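Thank you all for coming. I would like to take a few minutes to walk through one protein chain, going from the whole chain down to single residues.

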Amino acid sequence: MEIENKLKTIFHNMGIYIDQEDYTEELELESLQFVALIIAIEKEFMVRINDDILEVKELANFKDYVNLVEKLYE
């Protein structure tokens, strides 16, 4: 739950508002938004996201971002 809340804050700071029912709704991010989001996630969680993961189609919705961060902590 803490990961979700931190991610919601990151998204919110970028002007993307996520509600519980929006978790699986496809995000329509511009390329610059996507890059800024990845950088913010890396800084907040102190992780490195490999380039092979960085495809917009693999990170299509908020739940995908939650799963990504959870996987990085395994």
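Let me begin with charge: the protein chain carries 7 positive and 18 negative side chains, and the centres of these two sets lie 6 Å apart. Please keep in mind throughout that what you see is a predicted model.

Turning to the overall fold, the protein chain contains three helices and zero strands, and reading along the sequence gives the pattern α-α-α. The radius of gyration is 11 Å, close to the 11 Å that the globule rule gives for 74 residues, so the chain is as compact as a globular protein of that length. If we take the principal axes as our directions, the C-alpha atoms fill a box of roughly 25 × 25 × 20 Å. The accessible surface comes to about 5,000 Å², and carbon and sulfur atoms account for 48% of that surface.

How much of the chain is buried? Buried residues make up 36% of the 74 residues. As for contacts, if we consider those between residues at least 6 apart in sequence, 61% of them join residues at least 24 apart.

Now to the interior. In soluble globular proteins, nonpolar side chains tend to be buried together. In this model, the largest nonpolar core has 22 residues, and those with the most contacts inside it are L7, F11, I41, F45 and Y65. The elements that give two or more residues to this core are α1, which spans 2–13, together with α2 and α3.

Let me take I41 as an example from that core. Leaving aside residues up to four places away in sequence, I41 touches L7, I10, M46, V47, I49, Y65 and V69.

Two further residues can be looked at together, since F34 has its place in helix α2 and E42 is in helix α2 as well. F34 has a relative accessible area of 8% and is therefore buried, the cut-off being under 20%. Its C-alpha atom is separated by 12 Å from that of F62, and F34 and F62 are 28 residues apart along the chain. E42, with a relative accessible area of 16%, also falls under 20% and so counts as buried. Again not counting residues up to four places away in sequence, E42 touches V47, R48 and I49.

Which residues does V66, in helix α3, touch when those up to four places away in sequence are not counted? V66 touches I3, E4 and L7. At 0% relative accessibility, V66 counts as buried. The C-alpha atoms of V66 and M1 are separated by 9.5 Å, although these two residues are 65 residues apart along the chain.

Finally, I would like to stop at M46, which lies in the loop between α2, covering 31–45, and α3, covering 62–72. Is M46 buried or exposed? Its relative accessible area is 76%, and because the cut-off for exposed is over 50%, M46 is exposed. The backbone is worth a look here too, as phi of M46 is near 50°, a positive value in a residue other than glycine. You may remember M46 from earlier, as it is one of the residues that I41 touches.

That is where I will stop, and I am happy to go back to any of these residues on the screen.

Key. Residues are numbered from 1 along each chain as its sequence is written. This is a predicted model: local features need pLDDT of at least 70, side-chain atom pairs count only at pLDDT 80 or more; totals for chains, interfaces and linings use all residues. Side-chain values use heavy atoms; hydrogens and water are left out. Helices (H or I, at least four residues) and strands (E, at least two) are DSSP runs, numbered from the N terminus. The radius of gyration is taken over C-alpha atoms; the globule rule is 2.2 Å times the number of residues to the power 0.38. Buried means under 20% relative accessible area, exposed over 50%, partly exposed in between (1.4 Å probe, protein chains only). Contact means heavy atoms within 4.5 Å. Accessible areas come from the Shrake-Rupley method with a 1.4 Å probe; for residues, only the protein chains shown count as cover. Lys and Arg count as positive and Asp and Glu as negative; His and the chain ends are not counted. The place of a charge is taken as NZ of Lys, CZ of Arg, CG of Asp or CD of Glu. A nonpolar core is a set of buried Ala, Val, Leu, Ile, Met, Phe, Trp, Tyr and Cys residues joined through side-chain atoms within 4.5 Å.
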